[in-house]
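Student: Could you walk me through a few features of this model? I would like to learn how to read each one.

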Amino acid sequence: MSHISANNPNRYQMKVVIINKSDSTGGAAVVSRRLMEALRSEGVDAHMLVTEKLTDSPYVELAASPNAIRKPFLAERLKIFISNGFNRKTLFKIDTASDGMPLWNHPLVKEADAVLLNWVNQGMLSLKGIRNILNLGKPVIWTMHDMWCMTGICHHAAQCEGFMEECGECPLLGRCKGINDISHKTWKKKIRLNRNKNKITYVAVSNWLADKALESSLLFKENVIVIPNAFTPPAIPSCRKKKTDEIRILFGAARLDDPIKGLPVLIEMTHIIKKENPELAQRLRLVTFGGVKNPASLEGIEIPHDYLGIVHGEEKIREVYEAGDILVSASSYETLPGTLVEAQAYGCIPVSFNRGGQADIIDHLSTGYIANYSGDIKTAAGNLAEGIRWAVALADDPASLENIQKRMYESVATKFSPHAVANAYIDIISQQT
C-alpha cells in the first residue's frame, strides 16, 4: 500500500483517496479539491475520485465510464420520483443513496490507506457501497458539507425537527409522506450503517453543523470532529483604495434563485434602501453571479444591477471579488459559506445572517457584519440593509477600510490555513492506522 516518500526516505508516504461527485461544480467540489491540494502539500499522496471531472488536474480521476456513472444516477432518481408522487420540484432536494457504483473495487480505493468521503450523492455511492468500503478495514472519514448524514433524505432540515427523531412524515414528500415513507426507511439504513464494526469518523466543517449532528438521532453517539475547509489567501492582503464613489455589492451562489439563498430578501433589501436612503441607493450597484433557473426571479431589484452569469475559474472569481466592495449573503441557512471566506480574503466586506457556520467566519463588527435573521421578509431585509449601511461607512473611510481588510486577511489566513487543515486530517488517519 504505502510507499517510501521521496522527501523523507525513512517515512512512509500516506495514500489517501477523496471521493466527491465533482472536482469543480458546487462548493463541496471546490473545497474537496483544495483539501486534496493541501494534503499533497504536506507530502500525502492524495487523489480525487469523481463522476464529473472539469479540471485538468492529473490527481483527479473519473470513477467510471459515462454509461456506468449514468445508470445508478437514473435508477435512484426514478425511485425517488415514484416515492415523491412524481413531484419534479423536490426531485433533486432528496437523496436516498439507494444506488451507486462499486467504488470499493476501484484501484484508488483499494490502494489507499484512508478513504475520505465528501459529497457522494446522486448515484455515486449507495449506503451499501459505503458499508463495503468500511469492510475493507481502512479509516473512513466523512466530511459533511450539509446535513444529509444526519437526516433521512434531505440536505438541509430547515424548520423540520424530524432528524432529531427517526424522520418520517417528510415535508419534501408532500402527499406521499407518512410514518414509514422513504425518509424513515433511509434513516433506518443509515442507523445500520453506523452500527458497522468499522466506524466512520464524521467531520463537520463548522461548529453549527457539529451542533446539529449532536442534536440528531443518527450522529449524536458518533465521533464528530470540527475541521473547517481549507483556503489559501493571496500572498499579500488586498488593501485597495476606492477609485470611484460607486459601491459594488456582490451576491453569488451556485444557483441564485435556490430558495435557500434568500434572493427575495435581497431584493426587498434594495427596496428598503431606495426608500429610506435614496442618495445611498444612487451610489450602489448590485453585481450577481451564478446560475439562475428562472430569470424572472431577478426582477424587481431597485438599484442598478449587473448579472455576470456563472463565473468559471478561481482567477475569474478573484477578479469579481476584487472589483467589489461588499458581499451580502441572504441565505436562510448555510453550512460554511465559502463566498464569505473568499470575500474576506480578497478585501470585500461580508454582510450575512447568522444561520449556520457564518459565525465561524465573521467576527461581528470586526471582520464583517452578522445581521439578525427573521422569518418576516421585511424585518430580515431591514436587518441586512443596516449591515450594508455599516459596511458602506467603512468603505468610505480609507483608514477604516484598510484596517478591516487587514483583519479579514489575517482571520482567513489563521482560521482556514491549508497546512492546519491538512494536518488535522493526517492526525485523524494516523490515529486509526
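**Cysteines, loops and surface**

Tutor: Let us begin with the cysteines: a search of the whole structure finds zero disulfides, a disulfide being a pair of cysteine sulfur atoms within 2.5 Å. This is a predicted model, in which local features need pLDDT of at least 70 and side-chain atom pairs count only at pLDDT 80 or more, while totals for chains, interfaces and linings use all residues. Residues are numbered from 1 along each chain as its sequence is written, and side-chain values use heavy atoms, with hydrogens and water left out.

Student: Why is the sulfur of Cys167 not in a bond with the closest cysteine sulfur?

Tutor: The closest cysteine sulfur belongs to Cys154, and at 6.6 Å from the sulfur of Cys167 it is too far for a bond. Cys176 is in no disulfide either, since its nearest cysteine sulfur, in Cys170, is 11 Å away.

Student: Is Cys176 buried, partly exposed or exposed?

Tutor: Buried means under 20% relative accessible area, exposed over 50%, and partly exposed in between (1.4 Å probe, protein chains only). Cys176 has a relative accessible area of 25%, so this residue is partly exposed.

Student: Which backbone angle should I look at in Cys167?

Tutor: Look at phi: in Cys167 it is near 55 degrees, a positive value in a residue other than glycine. Cys167 sits in the loop between strand 7 (140-144) and helix 5 (182-194); here helices (H or I, at least four residues) and strands (E, at least two) are DSSP runs, numbered from the N terminus. Glu169 lies in the loop between strand 7 and helix 5 as well, and its phi is also positive, near 55 degrees. Glu169 is partly exposed, because its relative accessible area is 41%.

Student: What is Lys93 in contact with, leaving aside its neighbours within four places in sequence?

Tutor: Contact means heavy atoms within 4.5 Å. By that rule Lys93 touches Ile153, Cys154, His155, Leu172 and Pro259. Cys154 is 61 residues from Lys93 along the chain, yet their C-alpha atoms are separated by 6.3 Å. Lys93 is found in the loop between helix 2 (66-83) and helix 3 (107-111), and with a relative accessible area of 41% it is partly exposed.

Student: Where does Phe86 lie, and is it buried or exposed?

Tutor: Phe86 lies in the loop between helix 2 and helix 3. Its relative accessibility is 52%, so Phe86 counts as exposed.
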